[in-house]
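Here is a brief report on one structure. Please keep the sequence and the 3D view at hand while reading.

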Amino acid sequence: TAEDFARRRNPFDWQPRYTDNPWKPGGRMMIRSACCMYDCREDGQKCYNCPQMTEAEREVRRAAVLADAAN
């Protein structure tokens, strides 16, 4: 329970979210529970399954991956 951790909510009570996997059409990819901060590195960018990425940003990345796979 949350009281066991002295928090308002239980940190282990987490519901995974999924998105379409552009590298494996028809597959799903789990959105991470926390950001790995890879985009803070030099020339880094957010991972496709970053929880901080918006659906609009993810759609742009999906289109880029699919266009690259078509070439």
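## The two sides of helix α1

In this predicted model, R58, R61, R62 and V65 of α1 are buried. Viewed down the axis of α1, the buried residues fall within an arc of 105 degrees, so they line one face of the helix.

The other side of α1 holds exposed residues: A56, V60 and A70. Exposed here means over 50% relative accessible area, and buried means under 20%.

## Length and packing of α1

Helix α1 covers residues 55–70, which makes 16 residues. At 1.5 Å a residue, α1 should span 22 Å. Its end C-alpha atoms are 22 Å apart, so the expected span and the model agree.

What do the buried residues of α1 pack against? Their partners are two strands, β1 (17–20) and β2 (28–31).

## A nonpolar surface patch

W14, Y18 and M30 form a nonpolar patch on the surface. Together, these residues have about 300 Å² of accessible area.

M30 belongs to strand β2. Its relative accessibility is 39%, so M30 counts as partly exposed.

## Around P16

P16 sits in the segment before β1. Is P16 buried or exposed, or does it fall in between? Its relative accessibility is 34%, so P16 counts as partly exposed.

P16 and R32 are 16 residues apart along the chain. Their C-alpha atoms are separated by 7.9 Å.

Notes
Residues numbered from 1 in each chain as written. Predicted model: local features only at pLDDT ≥ 70, side-chain atom pairs only at ≥ 80, totals over all residues. Heavy atoms only, no water. Helix = DSSP H or I, 4+ residues; strand = E, 2+ residues; numbered from the N terminus. Expected span 1.5 Å × (residues − 1). Buried < 20%, exposed > 50% of the residue type's maximum accessible area, 1.4 Å probe, protein only. Arc of directions from axis to C-beta. Contact = heavy atoms within 4.5 Å. Patch = residues over 30% accessible without salt bridge, like charges linked within 9 Å, V, L, I, M, F, W, Y side chains within 5 Å. Areas by Shrake-Rupley, 256 points an atom, 1.4 Å probe, with all protein chains shown as cover. Salt bridge = Lys/Arg side-chain N within 4 Å of Asp/Glu carboxyl O.
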